[in-house]
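This report describes the structure of one protein chain for a reader who is new to the subject. Please keep the sequence and the three-dimensional view at hand while reading.

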Amino acid sequence: MDGLSNSACSSTFTLLGFAVYHCWQTRNARIHLQEYATPTIIAMRVLESASRSATFPTQANWDTTRPSRPSSTLWCPPPPGWLKINIDGALLPSRQAGVGIVARDSSGTVLFAAGRSLLQWDPGRMEMAALAAIRDYLTVDCFDASGVIIEGDCLNLIKYCQRCFDSRLWDAHFPDADVLSFLFELPRVLLRHVPRAANRAADFCSHHAISCTFQWTCLEDFPPVLSEVVQRDRENILNF
């Protein structure tokens, strides 16, 4: 391991430890004839465990954590070559609703920020509409990436979609199969739940979309509030 810093070595072994742990859990579940995770789900759990560990050291090629603060409260960039898409939904008592989507690369650069207004009374269906809306905004970059991480702050939606996306359980006749099928067109997909504090850009877009549908690709077009949120998220990456 010549040339590797102590921090890089430590973080590599920490990541390996998480991988061994989740593989061991999956092995035991399979032996005891319980529902067990696929390789994709295992990889998602390893990344989630690593990003939520407040003591997980900074890695030069991941930049997903900040040692001095719990990473679960921050927007964390994807690994190099991957993209991250954050989604959220906002709903008013009047049934006016909006969904927001923000796609960024490993440097925190926004590829697009979009929002769509709709009428909805069910919060769950509204969150699913936010996920489904990704399909209409996918760019060439999304298909050329090594993988895509989709994050949202609705725990029920993420758990539901993780289960549906499990290839062992996938059924084309599933109620939401038409909504989720586009995910199989992407090179690799991980679905993660994050707290609202780590989903601020998508949260802003969902509320802004209640009054209008939009799509922005240039930073100059962003409202000041969104520009500030994006800048703060990037500072969390750079200011270690």
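## Surface and overall composition

How much area does the protein chain expose, and what share of it do carbon and sulfur atoms supply? In this predicted model, the exposed area is about 12000 Å², and 55% of it is supplied by carbon and sulfur atoms. The protein chain has 240 residues, of which 48% count as buried.

The protein chain contains eight helices and six strands. Read from the N terminus, these elements follow the order α-α-β-β-β-α-α-β-α-α-β-α-β-α. Among contacts between residues at least 6 apart in sequence, 67% join residues at least 24 apart.

## The nonpolar cores

In soluble globular proteins, nonpolar side chains tend to be buried together. The largest nonpolar core in this model has 34 residues, and those with the most contacts inside it are Ile87, Ile101, Leu131, Ile134, Ile150, Leu180 and Leu183. Several elements give two or more residues to this core, among them strand E1 (82-91), strand E2 (96-104), strand E3 (110-119), helix H3 (123-133) and helix H5 (155-165). The largest share, six residues, comes from H3.

Leu131 offers a view of the packing: apart from its neighbours within four places in sequence, it is in contact with Ile87, Ile150, Cys161, Leu180 and Phe182. There is also a second, separate core of 13 residues, which includes Phe204, Cys205, Ala209 and Val229.

## Two loop residues

Leu138 is placed in the loop between H3 and helix H4 (140-144). Is Leu138 buried or exposed? Because its relative accessible area is 18%, Leu138 counts as buried, the cut-off being under 20%. Leaving aside neighbours within four places in sequence, Leu138 is in contact with Phe143, Phe182 and Leu186. Leu138 and Leu186 are 48 residues apart in sequence, and their C-alpha atoms are 9.6 Å apart in space.

Arg95 lies in another loop, the one between E1 and E2. With a relative accessible area of 43%, Arg95 is partly exposed. Its phi is near 80 degrees, a positive value in a residue other than glycine. Most residues other than glycine have a negative phi.

## Aromatic rings and charges

The count of aromatic pairs comes to three. In one pair, the rings of Trp216 and Phe222 have their centres 6.2 Å apart and their planes at 50 degrees, so the pair is tilted. Trp216 is buried, at 12% relative accessibility, and Phe222 is also buried, with a relative accessible area of 8%. Phe214, Trp216 and Phe222 form one aromatic cluster.

Which charged ends sit over the ring of Trp75? That of Lys84 is 5.6 Å from the ring centre, and that of Arg104 is 4.0 Å from the ring centre.

## Cysteines

A disulfide is a covalent bond between the sulfur atoms of two cysteines. How many disulfides does the structure hold? The number is zero. Two cysteines may be described further: Cys76 counts as buried because its relative accessibility is 9%, and Cys205 counts as buried because its relative accessibility is 0%. Cys205 is also one of the residues of the second nonpolar core.

Definitions and conventions:
Residues are numbered from 1 along each chain as its sequence is written. This is a predicted model: local features need pLDDT of at least 70, side-chain atom pairs count only at pLDDT 80 or more; totals for chains, interfaces and linings use all residues. Side-chain values use heavy atoms; hydrogens and water are left out. A nonpolar core is a set of buried Ala, Val, Leu, Ile, Met, Phe, Trp, Tyr and Cys residues joined through side-chain atoms within 4.5 Å. Buried means under 20% relative accessible area, exposed over 50%, partly exposed in between (1.4 Å probe, protein chains only). Helices (H or I, at least four residues) and strands (E, at least two) are DSSP runs, numbered from the N terminus. Contact means heavy atoms within 4.5 Å. Accessible areas come from the Shrake-Rupley method with a 1.4 Å probe; for residues, only the protein chains shown count as cover. Rings of Phe, Tyr and Trp (its six-membered ring) pair if their centres lie within 6.5 Å; planes under 30 degrees apart count as stacked, over 60 as edge-to-face and the rest as tilted. A charge sits over a ring if NZ of Lys or CZ of Arg is within 6 Å of the ring centre and within 35 degrees of the ring normal. A disulfide is a pair of cysteine sulfur atoms within 2.5 Å.
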